[in-house]
Structures are given as structure tokens and as C-alpha cells.
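Hi everyone, thanks for coming. I'd like to walk you through a structure, piece by piece, so have a look at the screen first.

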Amino acid sequence: MATFLYKLGRLSFRRRRYVALLWVLLLGGIGYASSAAPAPPADSFSMPGTDSQKAFDLLDERFPAASAEGATARVVIRAPEGEKITDPAAKAEVDQLVAALGKGAQVAGVADPYKANAVSKDGTTAYASVTYKVISTELTDKTHDALTDATDKTRAEGFTVETGGDAVQAEQEMGGSAELIGIAVSAVVLVITFGSLIAAGLPLLTAIIGVGIGVSGIAALGSVLNLSGTTSTLAMMIGLAVGIDYALFIVSRYRAEIAEGREPEEAAGRATGTGGSAVVFAGLTVIVALAGLSVVNIPMLTKMGLAAAATVAIAVLIALTMIPALLAFAGKRALRRRDRKNFKSRADSKDSKDRGLTKPGARHSTTAAEKTKPNLGTRWARLVLRRPVTVLLIGVLGLGAVAVPATSLELGLPDEGTSAPDTTQRKAYDLLSESFGAGFNGPLMVTVDTGGTKDAAAAAKTVGTSLAKVDGVAAVTPASVNQAGDTAIITVVPTTGPSDHRTEELVKTIRSEASGLEADTKSDVLVTGQTAMTIDFSQTLDDALLPYLGLVVGLAFLLLMLVFRSVLVPLKAALGFLLSVAAALGAVVAVFQWGWLADVVGVDQPGPIMSMMPIFMIGVVFGLAMDYEVFLVTRMREAYVHGARPAEAVVTGFKHGGRVVGAAAVIMISVFSGFIMENDDMIKMMGFGLAIAVFFDAFVVRMAIVPAVLALLGKSAWWLPRWLDKLLPNMDVEGEKLHKSLTPSSSPAAEDEHEDRDNDEDRELQPVRG
């Protein structure tokens with residue numbers, strides 16, 4: 001592989017104009033296709049095989065006018081101080097509000113609170129339920145404005161009016177300032193890392209082009225493949241992250257090759273051949289992690305994962321072709337200002353070759369400063385190698401302590417009770433809880449299907465009477481029967497809120513009693529509603545977590561075994577990843593579930609952890625963690641294969657890769673941390689969880705635990721059984737074959753000198769055990 005990528009890198013360097021033109025035309029063509037394509041479909045959430053989904057499908061079929069999957073709004077009205085909502089004047093005002101809410105082409109119906117028994121016992125508060133014909137993402141601005149205008153008019157008359165439900169337009173959407181902050185910090189980090197504006201701009205440019213192609217492709221194929229607009233959210237996030245990482249790694253490797261005296265074209269070829277091999281396998285691990293979301297069996301997650309995986313593949317291709325082409329355009333400007341003085345022109349090098357003073361691919365001598373002044377990565381690696389046991393214990397015990405809160409992890413989906421206190425959704429939630437009880441914010445819908453017979457009313461009455469006796473049920477409304485008389489809907493109001501674990505237990509109890517009720521009434525009894533859907537969603541993700549983890553880690557283990565030709569190194573990588581994810585989940589639980597540092601992070605109200613958080617974190621962080629592992633350890637493996645001692649190989653890996661991994665991690669942490677400032681707890685949780693996970697994995701696992709473990713293992717780290725070595729194909733990721741084909745044989749005297757240097761280095765870096 002290294003030889004093929006070496007040739008690809010040199011070809012892209014020489015044919016830079018054609019390569020750059022090809023990617024620009026591709027971006028323009030796909031961008032035009034996306035602009036001409038039909039609008040992407042709206043989000044459609046479904047969970048095949050669950051009771052909730054079966055009930056929703058049944059309601060769509062038997063109650064088409066009810067719009068079971070349509071958006072809903074619950075308008076809560078409280079009378080002025082000292083008045084009752086049942087007073088004639090107040091009732092007239094509420095009637096006008098209900099009439100105003102019913103106007104609009106997308107409104108399916110409005111439930112009059114006085115007829116629907118939606119007035120509190122103290123007579124101060126009522127609520128009107130509005131149903132729409134379409135889902136929330138298909139509501140027009142005109143519909144949103146009509147809802148707001150109606151409530152504002154009643155509020156102006158002295159009433160307290162607040163609105164909840166998915167039909168309410170979000171006050172703040174994901175994105176905006178968070179992404180700008182992340183990109184700004186990324187630019188600063190890249191400038192500091194490279195010391196050159198041109199070199200810093202290359203990763204950002206290629207990442208933006210890759211994300212542009214990926215997102216435009218999703219939009220162009222949206223109507224054909226049923227990809228909604230939100231499918232591109234994960235693709236944009238991951239595509240930007242890995243796009244910067246991959247370009248950063250190859251540009252850094254190119255500059256290292258230039259520093260060793262190679263010509264630009266040769267440096268680009270070698271950087272692509274060796275660093276590009278690491279990029280390919282790092283990209284494959286990310287693709288495996290994202291495509292593996294298909295095992296969850298939630299179509300929305302499957303599409304998001306596959307779309308993001310395709311974007312990652314584009315990022316890999318751009319890094320392998322466009323980066324060498326742009327480096328050819330950049331020339332000396334891709335180097336630090338002080339390094340340009342040591343850069344020899346092509347004409348001088350060509351003259352030297354013509355006079356027989358150098359050979360193609362040969363290295364020039366390094367500067368005295370490079371020989372005498374080790375960089376930070378080298379100094380850190382030597383420090384860890386002298387005290388590997390101490391570093392290992394501190395790292396493992398520290399992450400283990402942070403992971404302890406994860407043992408009390410409670411999963412759920414954020415509801416309006418966790419919204420910011422100043423939002424109308426949160427105010428409506430609190431008003432309902434105060435006046436009607438917490439369960440009114442999460443009613444359950446029980447469907448009774450008699451299978452074609454017209455006795456659904458009698459069956460529903462029997463079911464309702466039985467459910468009213470169940471502990472945890474506050475109220476059961478009379479059944480609503482469809483025109484055919486074969487299906488009925490019963491609303492069951494719990495005594496507890498939608499995110500309370502007792503509500504989840506109530507759903508399980510109702511479903512366990514459903515079998516007996518089905519036998520008595522000869523009908524199918526299913527539980528659905530937003531609360532039940534949330535519970536089923538959490539359970540589906542929980543059930544898929546271990547299979548997903550096993551699939552991703554297992555396939556990545558095989559990929560890393562191909563990269564490193566080792567059994568212990570991939571095992572160490574997988575265990576380190578699990579440790580960092582466990583610690584990150586522990587930190588998320590401590591902040592968002594327990595409330596530690598809630599004021600600092602800006603958490604309005606602690607509660608259950610979002611159900612998607614663990615599996616989403618595993619997919620995203622695993623991909624980034626394996627990026628860092630491949631970038632760092634590949635250079636170690638390369639040095640070891642080329643004759644370095646195990647300790648020297650570790651130092652070499654940190655000398656050339658430590659700065660790159662550190663910069664990539666800081667960039668990702670800054671991008672994810674920007675979302676902590678958003679005014680949505682779900683977005684805060686995602687940003688905090690991903691940022692802290694990258695921090696733990698990059699700076700504790702990869703920078704501390706990895707060198708400590710490799711120091712203790714020594715040569716055993718690179719052990720591979722002979723039978724397995726013969727069975728696995730040799731992908732030549734470290735460029736051993738490429739090195740042999742490009743480097744002339746060393747003289748015996750040079751080999752003896754190299755051996756003496758290795759022995760001296762080994763004595764200097766000998767680990768102190770214990």
C-alpha cells in the first residue's frame with residue numbers, strides 16, 4: 001500500500017493543476033445537483049418492531065384524520081390572579097383563543113378544554129390541545145406565526161399563556177456561534193502548530209471542500225434515498241473533524257521529510273506513502289464505527305451513520321490527492337519562516353545530483369539545533385519511559401475514578417421539563433405539573449384493536465376499567481372509537497412525569513397486563529404516545545449497545561492488527577478506548593445527572609442522560625481515538641521496522657507524532673466545547689461529552705498510558721504468531737518495502753555506528769520498573 005500511495009502522492013504533486021481542478025469541478029457539480037434536486041424529505045422517526053411503532057402505524061391506518069404522527073401543541077392558559085378560568089369573561093376569552101388556534105390549513109383539530117375535561121380542580125388553569133396534519137418539521141412559518149399571534153393576543157388580556165409540544169418553534173437551533181468558535185480556535189491551533197498561515201490553511205481548505213462535497217451529495221440524493229435534512233448533521237461534524245486531522249497529519253509528515261533534506265516532490269510522495277497509509281486505516285476505523293450504527297435498527301441513525309461514513313471516505317481521498325497537489329502550489333510557503341533558510345532549491349539539488357554528489361531520495365544532514373535540542377514530544381516520551389509503572393497507575397486509576405459515576409447511568413430523552421426556565425415550553429410544563437400533576441406532561445395512549453369486529457367500544461371500556469386500578473395511574477379518559485368501530489384509543493395519565501423511572505415501570509406493567517386483557521376482550525392492546533416512544537427508544541439503544549460495541553471494536557481490532565502486525569498493540573488500543581469512554585460517561589453523569597458543576601456548565605436541571613449519548617459517543621470518539629492511535633503508533637512501528645530499538649521507536653513516534661496528535665485533539669476539543677454554550681441541555685451534553693472524551697483519550701490514554709504500556713512490553717508489543725503473520729496480508733503500512741526500494745544499502749561501518757547509537761539510546765531510555 002505504501003508504494004502505491006507514494007506513487008499517487010508524487011503524481012498528484014506533479015499534476016497539481018489537474019487534481020485541484022478535478023476536486024473543484026466535483027464540488028461545483030455536486031453543489032449544482034443539490035441546488036437543482038427536490039427538497040429533502042422531512043424527518044421521519046420510526047423504530048421497527050417496537051410496540052410503540054406498531055401502535056402508531058395502526059393509528060395512521062384506522063384514524064387518518066387524527067394525524068397520529070402529526071405535530072402537537074398544548075396551550076396552557078391560567079386566569080389572572082384572583083379569577084377563575086371558568087368565569088364567564090374568562091371562558092369567552094378562552095373560546096376566542098380556541099377558535100383562533102383552529103384556523104389554518106395545517107391544523108387538524110383543537111380540543112376545547114371545557115369539553116375535554118382539561119380544567120384544573122381549582123378552576124384556575126386549562127389547556128387546549130392542538131393537532132396538526134403534518135409533522136413538526138413540515139410546519140410552515142405561517143402556521144408558527146398563527147400559533148404565536150393567537151397566544152400573544154390572549155396574553156395581552158392579562159392571562160398567563162404558555163405553549164409546549166413539538167409544534168412550538170425552537171428558539172435556538174444547533175449551530176451558528178458554536179461552529180464559528182470551533183473553526184476560529186482550529187485556525188489558531190493550526191497556525192501555532194505549523195508556524196505558517198499557508199500550511200495552517202491547507203487542512204481547513206481541504207476539510208471544507210470535503211464536507212461541502214459530502215453534504216451537497218446528501219442533499220442531491222435526499223429525495224432518492226429518503227435522506228432528511230438532519231442526516232447531514234453528523235456528516236458535517238465528523239467530516240470536518242477527520243478532514244482536518246488527516247490533512248494535518250500528511251502536511252506535518254511532509255514538513256518532516258523536507259526537514260530531513262528531501263526534495264518537495266519526493267517529500268510529498270513519502271508523506272503520502274507512509275502518512276497516507278495511516279490515514280487510510282484511520283479512516284477505515286471511523287467508517288466501521290459509523291456504518292456500524294446500522295445494528296441499532298433505527299432507520300434515522302442508520303442513514304446518519306452511512307452518510308457520515310461516506311463523508312469520511314471523501315476526506316480520506318482528498319487528503320491523499322489534494323493535499324500533495326496543494327503542497328506543490330504552496331512550495332516554500334508551507335514551511336516555517338526559519339525552516340525556509342535551510343530549504344535547498346530544486347536547481348541546486350539537481351546540480352548536486354548531476355555532479356554525483358547525492359542520490360535520488362537521499363537525506364541531507366540535519367541542522368545542529370535538531371541534533372541537540374529535542375522537542376517537547378521527545379522530552380515527554382523519555383520522561384514516561386523512565387517511570388512507566390507510575391504513569392500507568394496514575395492514568396488508569398485516575399480515569400477509573402472519573403468513570404465511577406457511570407455505574408448509576410440512567411438513560412432517557414430530554415423533555416420540556418429540562419428546557420431552559422425562560423422558555424415557553426418549560427413554563428407550560430411547570431404550569432401543567434402544578435395544576436394537573438406531573439403525569440399530564442406525558443400521557444400514554446393505549447390502542448385497542450378488535451381485528452375487524454365492531455365491538456371496540458365495549459373492549460376499550462373493559463381495558464380502561466382495568467387500567468384505572470393500576471398503581472401509578474392518575475386518570476383514564478373515555479375511549480375514542482374510529483368510524484369503523486374496530487379500533488379505540490384510551491388516554492392514560494400517569495401520576496409521575498415522563499422522565500421519571502416510575503413512569504417507565506408503569507408502561508412495563510401495562511404491557512405485562514395487556515396479554516390478559518387481550519384474552520378477555522379478544523383484541524390487541526398496545527401502548528404508545530411520546531412517553532412510551534421515548535421509553536422504547538431508550539430500550540432499543542440499550543439493547544444494541546453491547547452488540548454495536550462488540551462489532552466496532554472487533555472489526556477495528558482486525559484492522560489495527562493489519563496496521564501494526566501485532567496482537568497486543570490493538571488490544572491495548574481497544575482497552576484504552578473503553579477506559580476513556582467510561583471516564584467520559586462518568587463525567588457526563590456527574591454533571592448532567594447528578595448536577596456537579598451544573599452552574600459552571602450551565603445545566604438548568606439535572607436529569608436522565610440522553611439515550612443516544614452512549615452509542616453516539618462510542619461511534620464518534622472511537623473513530624477519533626483510533627485516528628490518534630494510528631497517527632502516533634504507526635510512526636513507532638515504522639521506526640521499529642526500520643531498525644530502531646523499542647524504546648527508541650516510542651521516542652520517535654512522539655517526536656514526529658506527538659505535536660500532531662496534540663494539535664488535532666485541541667482542535668476537536670475546541671469544536672465540541674463550543675456547543676456547551678448553547679441554550680439547549682441536549683446540545684450541551686453532546687458537546688461536553690465529546691470534548692471530555694477526546695481530552696481523556698488523547699492526553700491521558702494515547703499520550704501517557706500508551707507509551708507506558710509499550711515501555712513495559714518492550715519487543716513483546718510487536719509480537720505476532722508466525723502462523724498469523726503468514727495468514728494476514730502485508731499491507732506495508734509502515735513503508736518497509738518502500739524504504740528498501742528508495743534507500744541505498746548502508747555500509748558496514750554505518751551499520752556499526754547505527755548499532756552503537758541504538759545501544760546508547762537503549763541505556764538512556766531503559767525503563768525504571770516499579
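**A walk through the helices**

Let me start with helix H3: its buried residues pack against strand S6 (444-449), strand S9 (487-494), helix H19 (501-521), strand S10 (524-528) and helix H20 (530-564). Those names are DSSP runs, H or I of at least four residues for helices and E of at least two for strands, numbered from the N terminus. Buried here means under 20% relative accessible area, exposed means over 50%, and partly exposed is in between, with a 1.4 Å probe and protein chains only. And when I say contact, I mean heavy atoms within 4.5 Å.

A quick word on where this comes from. It's a predicted model, where local features need pLDDT of at least 70 and side-chain atom pairs count only at pLDDT 80 or more, while totals for chains, interfaces and linings use all residues. Residues are numbered from 1 along each chain as its sequence is written, and side-chain values use heavy atoms, with hydrogens and water left out.

Okay, the overall picture. The protein chain has 28 helices and eleven strands. Of its 770 residues, 53% are buried. If you take contacts between residues at least 6 apart in sequence, 80% of them join residues at least 24 apart.

Back to H3, then. H3 covers residues 51-62, and its twelve residues reach 16 Å from first C-alpha to last, close to the expected 16 Å. That expected span is 1.5 Å times one less than the number of residues. So which residues of H3 are buried? They are Ser52, Gln53, Ala55, Phe56, Leu58, Leu59 and Arg62.

Staying in that neighbourhood, there's Ser523, in the loop between H19 and S10. Ser523 is buried, at a relative accessible area of 5%. Setting aside residues up to four places away in sequence, Ser523 touches Val448, Asp449, Thr450, Ala459 and Glu518. Ser523 also sits 9.3 Å from Ala460, C-alpha to C-alpha, with their positions 63 residues apart in sequence.

Now over to H1, at residues 2-14. H1 has 13 residues and reaches 18 Å between its first and last C-alpha atoms, close to the 18 Å expected. Its buried residues are Ala2, Leu5, Tyr6, Gly9, Ser12 and Phe13. Why do they end up on the same side of H1? Because they cover an arc of only 130° around the axis, an arc taken from the directions from the helix axis to the C-beta atoms. On the other side of H1, Phe4 and Lys7 are exposed.

**How the helices pair up**

Next, some helix pairs. Axes here are lines fitted to C-alpha atoms, for helices over the stretch in contact, and angles run from 0 to 180 degrees between N-to-C directions.

Take H2 (residues 16-36) and H11 (residues 299-330): they pack at about 135°, with axes 9 Å apart. That makes H2 oblique to H11; the cut-offs are under 35 degrees for roughly parallel, over 145 for roughly antiparallel, 65 to 115 for roughly perpendicular, and oblique for the rest. The H2 and H11 crossing is left-handed, which means the near helix is turned anticlockwise from the far one by less than a right angle, whereas clockwise would be right-handed. On the H2 side the contact is made by Arg16, Arg17, Val19, Ala20 and Trp23, and on the H11 side the residues include Ile314, Leu317 and Phe329.

Second pair: H7 (residues 197-220) and H9 (residues 231-259). Their axes come within 8 Å and cross at roughly 150°, so H7 is roughly antiparallel to H9. The crossing is right-handed. Among the residues making that contact are Ala199, Leu202 and Pro203 of H7, and Gly239, Leu240 and Gly243 of H9.

Third pair: H10 and H23 (residues 612-641), with axes that come within 8 Å and cross at roughly 155°. That makes H10 roughly antiparallel to H23, and this crossing is right-handed. H10 residues including Thr274, Ala278 and Val279 meet H23 residues including Gly619, Phe622 and Gly623.

While we're at H10, look at Glu266, which lies in that helix, residues 264-291. Glu266 counts as buried at 9% relative accessibility.

**Two loop residues to finish**

Finally, Arg565 and Leu597. Arg565 is in the loop between H20 and helix H21 (568-593), and its phi is near 50°, a positive value in a residue other than glycine. Leu597 is in the loop between H21 and helix H22 (598-601), with phi near 55°, also positive in a residue other than glycine. Which of the two is buried and which is exposed? Arg565 is buried, with a relative accessible area of 7%, and Leu597 is exposed, at 58%.
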